[in-house]
Amino acid sequence: MRICRVHGLNAALMLSVLGSLAVDASSQEVKHGSAIYTCTNAAGRTLTRDRPIAECMDREQRVLNSDGSLRTVLQPSLTSDERAVHEEAERRKAQERANKQEAIRRDRNLLARFPNEAAHNKARDAALNATRSGIQASEQRLADLQKERKPLLDEAEFYKGKNLPGKLKGQIESVDVSIEAQRALIVNQQAEVGRITALFDAELARLKRLWGGADPGSLGPLPQSALAGQAAPQPKP
């Protein structure tokens with residue numbers, strides 16, 4: 001009888017120990033265990049799981065800590081079309097960020113290159129002078145060609161009403177082609193003067209705002225040109 005009582009006490013003690021261990025294990029699981037996922041499905045029913053809920057993949061799922069506080073919110077899984085839209089939106093955002101950084105870099109370079117208006121005016125004059133020199137050279141070449149053409153036309157007068165000799169005809173045509181090329185070149189060079197002027201005007205307006213304290217990159221896109229105070233390359237006659 002005494003032995004049975006001892007065995008009974010031992011069994012009770014064992015059960016108590018096992019129960020304590022189970023409670024400790026349960027406490028550790030709550031303390032370090034997985035999160036709680038909860039959502040309201042399409043039928044309006046609130047679901048709770050210890051893992052992402054398949055029935056709610058098309059809607060938000062709240063992820064809770066063991067104490068019921070919010071850990072995060074899982075966004076709905078996207079269809080292929082929705083994913084494409086999302087990726088395009090992310091691509092645009094990334095491009096906008098890159099454009100912003102590029103605008104900041106260019107504005108800082110602009111300020112470093114032109115610390116004041118005098119420096120900018122000097123660069124403007126250098127660029128315009130190079131192009132105007134090209135125009136002068138083209139105009140001189142045009143005048144020379146016209147002088148070269150005159151005696152050829154005088155000689156052609158002797159053949160009025162007749163076919164011109166092949167050599168004379170070729171010389172006149174060659175000079176005429178060169179004259180037209182020079183005229184087209186002058187038109188392009190004059191347009192370049194206008195382009196350079198517009199560029200430096202836009203840069204100066206931007207610089208005045210930057211000198212006045214505007215943040216680099218806050219003024220929108222820069223003029224699309226690689227000139228930036230350098231002399232424009234001149235076409236060859």
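**Notebook: a four-stranded sheet and its helices**

I began with the turn between β3 and β4, which form a hairpin with five residues between them, and I noted that Gly 68 in that turn has a positive phi of about 90°. Strands and helices here are DSSP runs numbered from the N terminus, with E over at least two residues for a strand and H or I over at least four for a helix. Before going on I wrote down that this is a predicted model, in which local features need pLDDT of at least 70 and side-chain atom pairs count only at pLDDT 80 or more, while totals for chains, interfaces and linings use all residues. Residues are numbered from 1 along each chain as its sequence is written, and side-chain values use heavy atoms, with hydrogens and water left out.

**Entry on the sheet**

I then looked up how the hairpin strands pair, taking two strands as paired if DSSP finds at least two bridges between them. Strand β3 (residues 61–64) and strand β4 (residues 70–74) are antiparallel and share four bridges, and I found Thr 72 in β4 as the bridge partner of Val 63. On β1 (residues 36–40), which runs antiparallel to β3 and is joined to it by three bridges, Tyr 37 stands opposite the same Val 63 of β3. In which order do the four strands of the open sheet lie? I read the order as β2-β1-β3-β4, with antiparallel pairing. The edge strands are β2 and β4, each of which pairs on one side only. From one strand to the next the twist averages 25° (axes are lines fitted to C-alpha atoms, for helices over the stretch in contact, and angles run from 0 to 180 degrees between N-to-C directions).

**Entry on the disulfide**

I searched the whole structure for disulfides, meaning pairs of cysteine sulfur atoms within 2.5 Å, and the search gave one. Cys 39 and Cys 56 form it, with their sulfur atoms 1.8 Å apart, and the link is right-handed, with 70° about the S-S bond. Cys 39 lies in strand β1 and Cys 56 in the loop between β2 (46–49) and β3, so the pair ties together parts that are 17 residues apart in sequence. I found both Cys 39 and Cys 56 buried, where buried means under 20% relative accessible area, exposed over 50% and partly exposed in between (1.4 Å probe, protein chains only).

**Entry on helix α4 and the cores**

I checked the span of helix α4 (residues 166–211), for which the expected value is 1.5 Å times one less than its number of residues. Its 46 residues should span 68 Å, and the end C-alpha atoms are 66 Å apart, which agrees. Just after α4, I noted a positive phi of about 115° at Gly 213. Pro 221 lies in the segment after α4 and counts as exposed at 71% relative accessibility. I also looked up Pro 221 against Ile 104: the two are 117 residues apart in sequence, yet 9.9 Å apart in space, C-alpha to C-alpha.

For the nonpolar cores I used sets of buried Ala, Val, Leu, Ile, Met, Phe, Trp, Tyr and Cys residues joined through side-chain atoms within 4.5 Å. The largest has ten residues, including Phe 114, Leu 128, Ile 135, Ile 196 and Phe 200. Helices α3 (117–156) and α4 each supply at least two residues of this core. Another core, of nine residues, lies apart from it, with Leu 152, Ala 156, Ile 179 and Ile 186 among them.

**Entry on salt bridges**

I took a salt bridge as a side-chain nitrogen of Lys or Arg within 4 Å of a carboxyl oxygen of Asp or Glu, and the search of the whole structure finds 14. Where in the chain do Asp 107 and Arg 206 lie? Their side chains meet in a salt bridge at 2.6 Å, N to O, and this pair links distant parts of the chain, with Asp 107 in helix α2 and Arg 206 in helix α4, 99 residues apart. Asp 107 is buried at 0% relative accessibility, and Arg 206 is also buried, at 7%.

Within helix α2 (residues 80–113), Lys 93 and Glu 90 are three residues apart and so separated by about one helical turn; the closest N and O atoms of their salt bridge are 3.7 Å apart. I noted Lys 93 as partly exposed at 43%, and Glu 90 as partly exposed at 34%. A network of salt bridges links Glu 88, Arg 91 and Arg 92. Last, I looked up Arg 59, which forms a salt bridge with Asp 58 at 3.1 Å between the closest N and O atoms and is partly exposed, with a relative accessible area of 26%.
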